[in-house]
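Reader: I am new to this structure and would like to know how its labels are justified. Please take them one at a time.

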Amino acid sequence: MTHAETNAAAAAPGPERASKAKVPGEGSFWLSEWAFPVFVATLAAGIFAGTHLYYVYQTGAFNEVAVVALLKAGMNGGSYGAAAAFGAGFLFARIIEGPMVGILDIGGSLQTGVGIGIPAMLLAGGVTAPLEHFWLALPTGALIGFAIGCLILGIRRATINSPESTSTFGADVMMGAGNSAGRYLGPLVIIAAATASIPVGLGSIIGAILFYWWKKPLTGGAILGAMLFGVFFPIAGK
């Protein structure tokens, strides 16, 4: 092969050259699927340890002041029901949301769920050792985080990553609404759901109406309604 032919072959965008193109880091641990539970475990370990610091030294919790106040109220009065319900509810919602949208909301799932909800449940059950000792808080948080990461991967494999899956399970219309600005996203969620498909849009509207009737943020109702109707009326994957 001449020098000119060699240059032409190198410039040709054929399958041989395309097959050699590789994403930096592809195949390494950092881009592997199982790196995700390790990352979640690391974050959860630090957050749970921060709650330990707050429980012992009254400082260090990784959360908003209003949310930490729920845990503080339990520490002062002995009733952890509000903190446990609020934190666990956020954690449950984000574990369901994470596999669908491919993004785990750290604030809602880890900071609120692992940092407030799970500690509140442990304290309500009389289990105080993980929050009294730093050396125990770190592995406890790591185990919780690793379990959350594995659960999210399991849900993702059983739903949108399943070989038999022909639906996005409502993932097209999921939106982040984890802060105080989330209350204004309700109409946008409904519009996005209606754009995805008519049944999913109706589900979003029904969910929003029900949550408004129950005096709850209608954004959550719109998202849950869209997800529910997305299961029964699948949106064809692209």
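Author: This is a predicted model. In the protein chain, 63% of the contacts with a separation of 6 or more are between residues 24 or more positions apart.

Reader: What is the secondary structure of the protein chain?

Author: The chain has 11 helices and zero strands. From the N terminus on, every element in the run is α.

Reader: How many residues does the protein chain have, and what share of them is buried?

Author: There are 238 residues, and 34% of them are buried. The accessible surface of the chain comes to about 13500 Å², and carbon and sulfur atoms hold 69% of that surface.

Reader: Why is Thr 51 called buried?

Author: Buried means under 20% relative accessible area. Thr 51 has 3% relative accessibility, so Thr 51 counts as buried. Its place is in helix α3, residues 35-57.

Reader: What is Thr 51 in contact with, leaving aside its neighbours within four places in sequence?

Author: Contact means heavy atoms within 4.5 Å. With those neighbours left aside, the contacts of Thr 51 are Leu 71, Gly 115, Pro 119 and Leu 131. For Gly 115 there is also a distance: the side chain of Thr 51 reaches the backbone oxygen of Gly 115 at 2.7 Å. The cut-off for a polar contact is 3.5 Å between N or O atoms, and 2.7 Å is within it.

Reader: Why does Phe 86 count as partly exposed?

Author: Partly exposed lies between the 20% limit for buried and the 50% limit for exposed. Phe 86 has 34% relative accessibility, so it falls in between. Phe 86 sits in helix α5, residues 81-101. Leaving aside neighbours within four places in sequence, it is in contact with Val 67, Leu 70 and Thr 112. Phe 86 and Gly 117 are 31 residues apart in sequence, and their C-alpha atoms are 6.6 Å apart in space.

Reader: What makes Leu 202 fit for a nonpolar surface patch?

Author: Patch residues need over 30% relative accessible area. Leu 202 has 46%, so it passes that cut-off and is partly exposed. Leu 202 lies in helix α10, residues 198-213. The patch is about 890 Å² and is made by Leu 202 with Ile 198, Ile 205, Ile 206, Ile 209, Leu 210, Trp 213 and Trp 214.

Reader: How do you know that the span of helix α8 is close to the expected one?

Author: Helix α8 covers residues 134-158, 25 in number. From first C-alpha to last it reaches 36 Å, and 36 Å is expected at 1.5 Å a residue. Its buried residues include Ile 144, Ile 148 and Ile 152.

Key
Residues numbered from 1 in each chain as written. Predicted model: local features only at pLDDT ≥ 70, side-chain atom pairs only at ≥ 80, totals over all residues. Heavy atoms only, no water. Patch = residues over 30% accessible without salt bridge, like charges linked within 9 Å, V, L, I, M, F, W, Y side chains within 5 Å. Areas by Shrake-Rupley, 256 points an atom, 1.4 Å probe, with all protein chains shown as cover. Salt bridge = Lys/Arg side-chain N within 4 Å of Asp/Glu carboxyl O. Helix = DSSP H or I, 4+ residues; strand = E, 2+ residues; numbered from the N terminus. Buried < 20%, exposed > 50% of the residue type's maximum accessible area, 1.4 Å probe, protein only. Expected span 1.5 Å × (residues − 1). Polar contact = N/O pair within 3.5 Å; in protein donor to acceptor, adjacent residues only side chain to side chain.
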